[in-house]
Structures are given as C-alpha cells and as structure tokens.
Amino acid sequence: MVAMAIGAMIRIAVRLNFGRINGGSPTTAAEETPESTGSKVLVAYFSATGHTKTIAEYLQAALDADLYEIVPQEPYTDADLDWMDKKSRSTIEMNAPKSRPAIAGQVADMVQYDTVFVGFPIWWYQAPRIIETFLESYDFSGKTVIPFATSGGSGMGGEDILKAACSKDTKWLPGKRLSSRESAASVQKWVESLGL
C-alpha cells in the first residue's frame, strides 16, 4: 500500500513537471485514476443550519476526502424547520416514514469511493428523511458507510432504518453523535479510532 502511494506520488510529480516544461497546464492529482491513488473517501452531509457542515469539513480535512453537500431540491425555510409546529414541513416529513424529500444534484461518480461518511442533524431522534433519499439513490455494495450526526443532546437513533436504506452488501459501521461545538481535534481522534 505504501509502495503504491509513493508510486502514485512520483507519477503525479513527473506529470506536473512535464506539463510545465512543455508549456502545457500541469496535470492535477484529481486527474489520476482512482486505482492509482488507493482508497477514496467521500464525506456527504445534509446541514440545515450549518452545524453539520462544520463537522463535515473537519472530517474532510482529517481524511483528505472529497466533500458533497446533500442539498434539498426545495430548500428548508425557518418555518419549515419549526419542530414545535405540527404542520411544519419537517414535522410532517418526520411523521411520514415513506417521505423522501428530493435532492438537487447527485454525486458525480459514486463508484470511485470505498468509504462514505454520511452526516446529518438529529431530527425527532433520528436522521432527516432526506438521508434515506440519499442512501436509496446509490449502490453502496462493497462500500463502507459510516453515519455521523450533530445534536444538542439527542443520541443516534434510527440507525437500523438507515442501514435498511443501503444496498444489501454495504458494510455498515456504527454511527457517532457529535456536538455542534466539536473541535477539529476531537473529530480527528474519532477518525483515528476507526482504523480506516
């Protein structure tokens, strides 16, 4: 694995220098094939108020991963997120297990990723329904999926629902609830504990 990584780095350096010498634009690491750079990681997240986005960015840095924001086709307004209103959009969705809010856009090439972290805020003690939309939209067979969530105190609930939304041959690792005030160092420590 180390030899493969060193080989990939040498090839990238040679291509960068070759491009400069010949007056062309340098080739970037992103143009390397997935096989030449080893395991690839994606951090996908849905963040209604920005807290989960911060944790996702810490994860991206800790893992040298790609980042993908799960954006709802119809953005949530403050009124939609009012959990005390029984008629708010989020309340109605969470009370309807088959609700699948549409996502704007998609991951360009999910096949290239071996490990996918999926982040979200806790709504009604579980993941928002849009996370089920995301997990049902791709084939995660042979991939490792690791959920993470932000909340002020609610634990990780409904993991069985999320696991069921994935492909049958998905490797599922237990999720982690993180405080919205989590530090980059504590996120790094969690990543290290996973032994990826």
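Here is a chat between a trainee and a mentor about this predicted model.

Trainee: Let's get our bearings. How many helices and strands does the protein have?
Mentor: This is a predicted model, so keep that in mind as we go. Its 196 residues include 41% that count as buried. As for the elements, the count is seven helices and eight strands.

Trainee: What share of the accessible surface belongs to carbon and sulfur atoms?
Mentor: Start with the total, which comes to about 11,100 Å² for the protein. The part of that surface belonging to carbon and sulfur atoms is 54%.

Trainee: And the contacts between residues at least 6 apart in sequence: what percentage join residues at least 24 apart?
Mentor: Leave out the pairs that are less than 6 apart in sequence and look at what remains. Of those contacts, the share joining residues at least 24 apart is 75%.

Trainee: Now the helix pair α3 and α7. Are they parallel, perpendicular or oblique to each other?
Mentor: Two packed helices are described by the angle between their axes and the distance between the axes. Here α3 covers residues 51–63 and α7 covers residues 184–194, and their axes are 9 Å apart at an angle of about 55°. An angle of 35 to 65 degrees falls between roughly parallel and roughly perpendicular. So the word for α3 and α7 is oblique.

Trainee: Is that crossing left-handed or right-handed? And which residues of α7 make the contact?
Mentor: The crossing of α3 and α7 is right-handed. On the α3 side, the contact is made by Ile55, Tyr58, Leu59, Ala62 and Leu63. On the α7 side, the residues are Ala184, Val187, Gln188, Trp190 and Val191.

Trainee: How many of the residues in that contact are nonpolar, and how many are charged?
Mentor: Sort the residues of the α3 and α7 contact by type, and one comes out as polar. The rest of the split is nine nonpolar and no charged.

Trainee: Let's zoom in on Tyr58. Is it buried, partly exposed or exposed?
Mentor: Tyr58 sits in helix α3. Setting aside neighbours within four places in sequence, Tyr58 is in contact with Glu182, Ser183, Ala184 and Val187. Its relative accessible area is 28%, and the partly exposed class runs from 20% to 50%. So Tyr58 is partly exposed.

Trainee: Just past that helix there's Asp64. What stands out about its phi?
Mentor: Asp64 lies in the loop between α3 and β2 (66–69), and at 72% relative accessibility Asp64 counts as exposed. Most residues other than glycine have a negative phi. Asp64 has a positive phi, near 50°.

Trainee: Where is Trp124, and what is its phi?
Mentor: Trp124 is in the loop between β5 (115–121) and α5. Its relative accessible area is 31%, so Trp124 is partly exposed. Phi of Trp124 is a positive value in a residue other than glycine, near 50°.

Trainee: That loop leads me to α5. How many of its residues are buried?
Mentor: Helix α5 spans residues 129–136 and is mostly covered. The buried residues are Arg129, Ile130, Ile131, Glu132, Thr133, Phe134 and Leu135. Out of eight residues in α5, the buried count is seven.

Trainee: Take Thr133 from that helix. Which residues does Thr133 contact, leaving aside its neighbours within four places in sequence?
Mentor: Thr133 is in helix α5. With a relative accessible area of 12%, under the 20% cut-off, Thr133 is buried. The contacts of Thr133 are Arg100, Pro101 and Ile103.

Trainee: On to Ala104. How far apart in space are Ala104 and Pro75?
Mentor: Ala104 is found in strand β4, residues 103–104, and is partly exposed, with a relative accessible area of 33%. Not counting residues up to four places away in sequence, Ala104 touches Tyr68, Val71, Pro72 and Gln73. Ala104 and Pro75 are 29 residues apart in sequence, yet C-alpha to C-alpha the distance is 9.5 Å.

Trainee: Last one, Ala149. What is its relative accessible area?
Mentor: Ala149 is in strand β6, residues 144–150. Beyond its neighbours within four places in sequence, Ala149 is in contact with Phe120, Ile122, Met156, Lys176, Arg177 and Leu178. Between Ala149 and Arg177, 28 residues apart in sequence, the C-alpha to C-alpha distance is 4.8 Å. Ala149 is buried, with a relative accessible area of 0%.

Definitions and conventions
Residues numbered from 1 in each chain as written. Predicted model: local features only at pLDDT ≥ 70, side-chain atom pairs only at ≥ 80, totals over all residues. Heavy atoms only, no water. Helix = DSSP H or I, 4+ residues; strand = E, 2+ residues; numbered from the N terminus. Buried < 20%, exposed > 50% of the residue type's maximum accessible area, 1.4 Å probe, protein only. Contact = heavy atoms within 4.5 Å. Axes fitted to C-alpha atoms, helices over the stretch in contact; angles between N-to-C directions. Parallel < 35°, antiparallel > 145°, perpendicular 65-115°, else oblique. Left-handed = near helix turned anticlockwise from the far one by under 90°. Nonpolar A, V, L, I, M, F, W, Y, C, P; charged D, E, K, R; others polar. Areas by Shrake-Rupley, 256 points an atom, 1.4 Å probe, with all protein chains shown as cover.
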